[in-house]
Amino acid sequence: MTKIYFIKQQQPEKARLLCQIIEHFFSSGDQRILLYLQDPDQALALDRFLWTWEKGSFLPHCYNSGAIDCSGEPIVITTQEENPNAAQILIMGNPCSSEFMSRFKCAIDLAEIYNESLAAQSRERFKAYRQSNFKPEMYTI
């Protein structure tokens with residue numbers, strides 16, 4: 001069963017939080033990571049941000065735009081429900097289907113509590129995960 005971690009996003013700056021989460025999982029072992037984002041613009045922006053987000057940090061990654069083969073990369077950014085690097089960890093910068101999430105050992109979703117409308121959507125996803133027999137856990141970074 002996929003473990004689902006709901007991370008409270010208390011500020012609207014999603015890119016920095018995503019990088020912190022990626023770095024946490026990357027530095028804790030050799031598991032591959034898939035970062036699922038909303039659209040190519042968001043994916044390209046995060047691809048660039050990952051190279052510069054923190055001085056001295058190195059997170060080897062690839063944006064799976066179709067231009068290059070990302071199958072050997074430890075961290076892959078995608079906008080499609082696909083898993084080109086056989087990742088075990090799914091980090092969702094954008095919600096995806098329960099069926100896709102169930103293919104991973106661990107899935108991380110963001111509870112965007114800084115905005116009431118987004119917080120309500122996050123609560124609905126949390127409830128839907130429970131109804132789908134996932135056992136989501138809430139965390140604050």
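These questions and answers cover strands, rings and cysteines in a predicted model.

User: Which residues of strand S2 point the other way from Ile33 and Leu35?
Analyst: In a regular strand, side chains alternate between the two faces of the sheet. Strand S2 covers residues 33–36, and Ile33 and Leu35 point one way. The residues pointing the other way are Leu34 and Tyr36.

User: In S5, what is the bridge partner of Tyr36?
Analyst: S2 runs parallel to strand S4, joined by four bridges. There, Tyr36 stands opposite Thr78. S2 also pairs with strand S5 in the parallel sense, over four bridges. In S5, the partner of Tyr36 is Met92.

User: Is the aromatic pair of Phe100 and Phe104 stacked or edge-to-face?
Analyst: The whole structure has seven aromatic pairs. In the pair of Phe100 and Phe104, the ring centres are 5.2 Å apart, with 75° between the planes. Planes over 60 degrees apart count as edge-to-face. So the pair of Phe100 and Phe104 is edge-to-face.

User: Which cysteines form the disulfide?
Analyst: The structure holds one disulfide. Its sulfur atoms are 2.0 Å apart, and a disulfide needs them within 2.5 Å. The link is left-handed, with -45° about the S-S bond. The two cysteines are Cys62 and Cys70.

User: Why does Cys96 form no bond with Cys106, the cysteine with the closest sulfur?
Analyst: Cys96 counts as buried, at 13% relative accessibility. Cys106 is buried too, at 4%. The sulfur of Cys96 has its closest cysteine sulfur in Cys106, but that is too far for a bond, because the distance is 12 Å.

How values were computed
Residues are numbered from 1 along each chain as its sequence is written. This is a predicted model: local features need pLDDT of at least 70, side-chain atom pairs count only at pLDDT 80 or more; totals for chains, interfaces and linings use all residues. Side-chain values use heavy atoms; hydrogens and water are left out. Buried means under 20% relative accessible area, exposed over 50%, partly exposed in between (1.4 Å probe, protein chains only). Helices (H or I, at least four residues) and strands (E, at least two) are DSSP runs, numbered from the N terminus. Two strands pair if DSSP finds at least two bridges between them. Rings of Phe, Tyr and Trp (its six-membered ring) pair if their centres lie within 6.5 Å; planes under 30 degrees apart count as stacked, over 60 as edge-to-face and the rest as tilted.
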